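Here is a short tour for a first look. Keep the sequence and the 3D view side by side as you read.

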Amino acid sequence: MKLFYLIIFFLIFLISGCMVVQPWERERLADPNMIFDENPIEKGIKEHYINIREGSEGGNGSQGGGCGCG
Amino acid sequence: MFKFFVNIIISIIIPLSVFSQDIGKDAPDFTGYSASGDTIKLSDYKGKVLVLDFWASWCKPCKEEFPFLIELYNQYSKKDFSVLTINLDDESSKIIKFLSHISEEIPFKIVFDKESKLPALYNVDAMPSSFIIDKKGVIRYLNVGFKSDDKSKITAEIEKYLNN
Amino acid sequence: MVHKEAVAAVGKKLLFLLLISMPAISYSQEELNNEIQVNFNSYFDNYHLTVFYPSINISKTLDANTSLNASYLVDAISSASMKMTFKVDGITSATPNKQGGADNTPDELRHQVGFGITRNISATSISVNGMYSIEHDYSSKTFASNLSIPFAKKNTIVQLGFTRNWDKVFPQNRFWTKDRNTTVLNLGLTQILSKSIITQLDFSFTNMDGYMLDGYQVVRIITGPLLQILEPVEPDKRIRRAAGIRTNFGISKSSTIQIGYRYYWDTWDINSHTIEGTYKTHLSDNLNLTLELRQYFQTKAYFFKPEYLVPETFMGVDSKLNSGYTTDFSIGINLKGDKSFNFPLLNSDKVTFMASLGVYHRHTDSPDWVIRLQDLYAILINFGFKFSI
């Protein structure tokens with residue numbers, strides 16, 4: 001199991017090193033449509049309705065993405 | 001095994017986290033061009049305190065910072081001070097569209113770095129990045145991003161090097 | 001002893017790492033906004049459930065790196081399914097309603113308040129939130145925290161989340177109060193893959209213990225002329241896991257497609273697959289359109305049966321535990337105000353109007369325990385305003 005976590009961490013840093021899009025190249029990524037859960041309140045409302053009707057929850061991600069702005 | 005795992009992480013994180021901002025070093029000279037093709041050289045600003053700002057039209061903090069740069073120029077331009085901005089959009093039409101929303105006249109020059117060659121000279125890591133360069137051409141301060149309390153910090157640094 | 005020394009040594013190294021990295025990373029990661037969002041949401045289905053769900057959320061920055069947020073919402077629920085329970089359940093008719101409302105009309109009003117704080121420390125963002133929810137048969141206290149750490153010029157962001165719920169269930173038709181506690185751990189990784197592709201992995205682990213039933217549900221066992229009405233019985237522990245991936249593709253200058261998949265599994269033997277697709281496009285500088293389609297497949301809990309012939313150790317009748325599938329489609333718009341608009345409220349660029357219409361269909365492999373239908377159809381109508389302050 002420790003080897004599994006080690007592999008996951010290595011993958012994170014390997015991916016971080018391989019794919020570096022510079023901050024000034026992120027025009028497309030800065031578009032609000034490219035941001036995950038740009039409106040988290042709307043997402044919470046939708047999950048509320050789904051969770052009262054279905055037997056699963058979780059694994060839906062969180063707000064993230066966007067421009068390389070400071 | 002656990003210690004080995006943590007040592008590996010630390011040895012990777014340290015190089016990622018500690019990077020040079022070139023404070024105290026000479027500002028790399030460059031020659032750029034405005035959207036209309038005029039030549040702009042950094043060396044033209046020697047002898048003045050300069051705010052060198054990297055920005056793009058789609059960057060929200062950059063939009064908030066731009067009126068402040070105009071304000072700085074109007075306040076200090078009579079005292080050996082200037083502003084030079086480097087735009088990193090891929091099309092000049094985006095600069096025109098951005099500036100059409102600014103009510104004031106733009107008193108400083110804008111370099112249109114379409115191929116984004118200049119950020120690498122200054123190790124730009126985020127936008128906007130505002131470098132304060134003193135009269136001798138040395139980088140003295142870097143402000144990354146633009147938040148409410150940055151105005152006073154930048155103003156204080158400019159006044160410090162204007163009085164030197 | 002050896003293990004404690006190793007942990008202490010590691011702790012010292014991590015603290016050193018934090019101290020040396022903080023001065024070098026001088027910019028904040030999260031954008032903090034000053035805004036008020038007001039939403040009005042509604043849900044109607046053919047199982048006679050109607051929910052009106054107005055909410056208000058306020059976010060205010062304290063300084064350049066700190067933001068407070070507060071929220072209040074009201075759930076107004078009217079459920080004919082509960083009314084049917086009250087009529088048939090022999091236990092109920094003699095039970096006075098201590099919490100408000102009438103014995104024969106268990107309409108519910110739920111109030112929820114929340115407070116939170118977000119703080120940027122160097123490039124890291126930390127948020128802590130608390131929430132309290134109360135209605136006349138249920139109360140819930142929630143503590144949630146989230147840590148967001150960027151790497152490699154924000155090309156990679158790691159998120160860690162922790163949520164703890166302390167709930168109390170006290171149905172109107174029962175004499176008891178029971179506890180339900182939930183702990184959720186979340187691990188997320190957001191990774192930029194190219195100038196126009198970004199992906200996110202998410203893993204969540206949930207540990208639930210306590211009373212997990214709906215206190216108004218009953219199990220009916222018919223043996224010849226004899227009708228037995230019993231309370232459902234479910235295991236009082238449940239471990240739930242989910243792993244999801246979703247990716248945003250910038251397919252053109254104005255349009256984006258998001259594709260997502262989630263796999264879920266738990267100790268009640270419910271497994272599910274969720275596939276989602278979202279299309280977003282800028283119709284103009286101010287108007288944005290969103291189309292979403294979601295498909296969901298679920299197996300049933302190991303103890304769930306459509307019908308019980310004899311009392312069993314575990315008996316569940318909640319349709320959420322049944323096998324089946326759902327299809328969910330919605331269309332939404334986002335309209336950013338502008339000075340040129342001749343329309344109240346929208347003639348300011350500080351206002352955004354949001355609206356959506358959704359259609360939801362759930363099919364279960366056996367009929368619902370009270371409505372006796374296998375297909376649930378629901379309509380969701382939402383609209384709201386966001387004001388920058």
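**Confidence**

In chain C, confidence bottoms out in helix α1 (residues 2-24), where the mean pLDDT is 42. It peaks in strand β15 (residues 287-298), at 98. This is a predicted model, so such scores are a good place to begin because pLDDT is the predictor's confidence in each residue. Across chain C the average pLDDT is 84, and 84% of the residues score at least 70. For the model, ipTM is 0.83 and pTM is 0.84.

Two stretches of chain C with pLDDT under 50 are set out below.

| Stretch of chain C | pLDDT | Contacts in the model beyond near neighbours in sequence |
|---|---|---|
| residues 10-29 | under 50 | 33 contacts |
| residues 80-106 | below 50 | 38 contacts |

For residues 10-29, the count takes in contacts beyond four places in sequence.

**Where chain C meets chain A**

How many residues does each chain bring to the contact between chain C and chain A? Chain C gives 57 residues and chain A gives 33 residues. On the chain C side, the largest share comes from β8(C), with 8 residues. That side of chain C divides into 21 nonpolar, 26 polar and 10 charged residues.

**One residue in strand β8**

Now look at C:Val184. It sits in strand β8 of chain C, which covers residues 178-194. Is C:Val184 buried or partly exposed? It has 19 C-beta neighbours inside 10 Å, and burial takes 20 or more, so C:Val184 counts as partly exposed.

Neighbours within four places in sequence aside, C:Val184 is in contact with C:Thr163, C:Ser204 and C:Thr206. It also contacts A:Gly58, in chain A. C:Glu135 lies 49 residues from C:Val184 along the chain, and their C-alpha atoms are 23 Å apart.

**A helix in chain B**

Turn next to helix α2 of chain B, residues 60-76. The helix has 17 residues, and at 1.5 Å a residue it should span 24 Å. Its end C-alpha atoms are 25 Å apart, which agrees.

Where does α2(B) bend? The bend is at B:Phe66 and comes to about 25°. A proline, B:Pro67, follows within four residues.

B:Phe66 is also one of the buried residues of α2(B). Buried too are B:Pro61, B:Cys62, B:Glu65, B:Leu69 and B:Leu72. An α-helix has 3.6 residues a turn, so residues three or four places apart point the same way. The cover over the buried residues of α2(B) includes three elements of chain B: β3 (49-55), β4 (81-87) and α5 (150-162).

Terms used. Residues numbered from 1 in each chain as written. Chains lettered and ligands numbered in written order. Predicted model: local features only at pLDDT ≥ 70, side-chain atom pairs only at ≥ 80, totals over all residues. Helix = DSSP H or I, 4+ residues; strand = E, 2+ residues; numbered from the N terminus. Buried ≥ 20, exposed ≤ 12 C-beta atoms within 10 Å, placed from the backbone. Contact = placed C-beta atoms within 7 Å. Nonpolar A, V, L, I, M, F, W, Y, C, P; charged D, E, K, R; others polar. pLDDT = per-residue confidence, 0-100. Expected span 1.5 Å × (residues − 1). Bend = angle between axes of the 7 residues up to and from the residue.
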